[in-house]
Amino acid sequence: MEVGGDGSPSNKSVIRRNMITVSNHRFGDGHSDGFTIEIVENMKEEYGMFVWPCSVALAEYVWQQRSRFEGKTVVELGAGTSLPGLVASKVGANVVLTDNADRLEVLDNMRKTCELNKLDCRILGVTWGEWDEPKFTLVPHIVLGADVLYDSNDFDNLFATVTFMLQSSPGSVFITTYHNRSGHHLIELLMVKWGLKCTKLLDAFSFMPSPKAANMQGNIQLVEIALKDQ
């Protein structure tokens, strides 16, 4: 039986023998404005090519907070399969999906997934900690990141990038989901170092619908982060 990114049974169609699949992710069951997002995944490629539980959790949060996103400019960092950003686009945000500029196959997969869902998102290579021209064009109201707090070696570059974006857009916020393996204490230290503050901290199970929560494993947290002086 095939499973979705949240571990639950999901409709998947294998479209080539090299383990490329399309998974379906439903939001808003029982709502007249509910919808399904289709994600192109490659189970043989690196971790940026399939949907992780943190991405499912963040996407669900975007759906539940959809009134915050309508008409806003949203940047997703380390987007990979881009489920949260695609949900943001579906609820009316202007979305820029980004991933490491060297991961061309991931960026190409983003384009395919946007086309599949008929969503007009900008695709951009952004490498954390590198100050190239594309980064200076981003002025988001909301920055998203699912499971970007994965490798502690990347934390400083990530927080430098997040801080730059928040400073470029007063009143903006960074919303991220992460497994508690990352250590919230280390994240707190990084927030202090970069002049940031936590404005909200939630256990993902507190807002996930029961069918999705029942099939998720691990301790997933959601945190909203803003500049300390705003």
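A residue counts as buried when its relative accessible area is under 20%. Keep that cut-off in mind as we walk through this predicted model, since helix α1 is a good place to put it to work. Of the 12 residues of α1, 10 are buried, so the rest of the structure largely encloses this helix. The buried ones are C54, S55, V56, A57, L58, A59, E60, Y61, V62 and W63.

The length of α1 can be checked too. The helix covers residues 53-64, and at 1.5 Å a residue its 12 residues should span 16 Å. The C-alpha atoms at its ends lie 17 Å apart, which agrees with that expectation.

Now let us step back for the whole chain. The protein has 7 helices and 10 strands. Buried residues make up 53% of its 230 residues. Among contacts with a separation of 6 or more, 65% are between residues 24 or more positions apart.

With that overview in place, which helix packs against α1? One partner is helix α3, residues 83-90, and the two axes are 8 Å apart at an angle of about 15°. Angles under 35 degrees count as roughly parallel, and therefore α1 is roughly parallel to α3. The crossing of the two is right-handed.

The residues that form this contact are easy to pick out in the viewer. On the α1 side they are S55, V56, L58, A59, V62 and W63, and these meet L83, P84, V87 and A88 in α3. By type, the contact residues divide into 9 nonpolar, 1 polar and no charged. A general point helps in reading such lists: an α-helix has 3.6 residues a turn, so residues three or four places apart point the same way.

Helix α3 is itself well covered. Of its 8 residues, 7 are buried, so α3 is largely enclosed by the rest of the structure. Those buried residues are L83, P84, G85, L86, V87, A88 and S89. After α3 comes G92, which has a positive phi near 110°.

A second helix pair offers another geometry to look at. Helix α5 spans residues 155-168 and helix α6 spans residues 184-193; their axes are 10 Å apart and meet at an angle of about 45°. That angle makes α5 oblique to α6. The crossing here is right-handed.

Which residues make the contact between α5 and α6? From α5 come F155, D156 and F159, and they meet L186, I187, L190, M191 and K193 in α6. This set divides into 6 nonpolar, no polar and 2 charged residues.

Next, the loops and their backbone angles. K118 sits in the loop between α4 (104-116) and β6 (122-125). Its phi is positive, about 55°, although K118 is not a glycine. Is K118 buried or exposed? At 75% relative accessibility it counts as exposed, because the cut-off for that class is over 50%.

D147 is another non-glycine residue with a positive phi, near 55°. It lies in the loop between β7 (142-146) and α5. D147 has a relative accessible area of 14%, so it is buried.

T137 belongs to the loop between β6 and β7. With a relative accessible area of 42%, T137 is partly exposed. Its C-alpha atom is 9.6 Å from that of S168, a residue 31 positions away along the chain.

Our last stop is D203, in strand β9, which covers residues 196-203. At 32% relative accessibility, D203 counts as partly exposed. Leaving out residues up to four places away in sequence, D203 touches N219, I220 and Q221. The C-alpha atoms of D203 and N180 are separated by 10.0 Å, and these two residues are 23 apart along the chain.

To retrace the route, begin at α1, largely enclosed by the rest of the structure, and follow its contact with α3, to which it is roughly parallel. Then turn to α5, which is oblique to α6, and compare the loop residues K118, which is exposed, and D147, which is buried.

Methods
Residues numbered from 1 in each chain as written. Predicted model: local features only at pLDDT ≥ 70, side-chain atom pairs only at ≥ 80, totals over all residues. Heavy atoms only, no water. Helix = DSSP H or I, 4+ residues; strand = E, 2+ residues; numbered from the N terminus. Expected span 1.5 Å × (residues − 1). Buried < 20%, exposed > 50% of the residue type's maximum accessible area, 1.4 Å probe, protein only. Axes fitted to C-alpha atoms, helices over the stretch in contact; angles between N-to-C directions. Parallel < 35°, antiparallel > 145°, perpendicular 65-115°, else oblique. Left-handed = near helix turned anticlockwise from the far one by under 90°. Contact = heavy atoms within 4.5 Å. Nonpolar A, V, L, I, M, F, W, Y, C, P; charged D, E, K, R; others polar.
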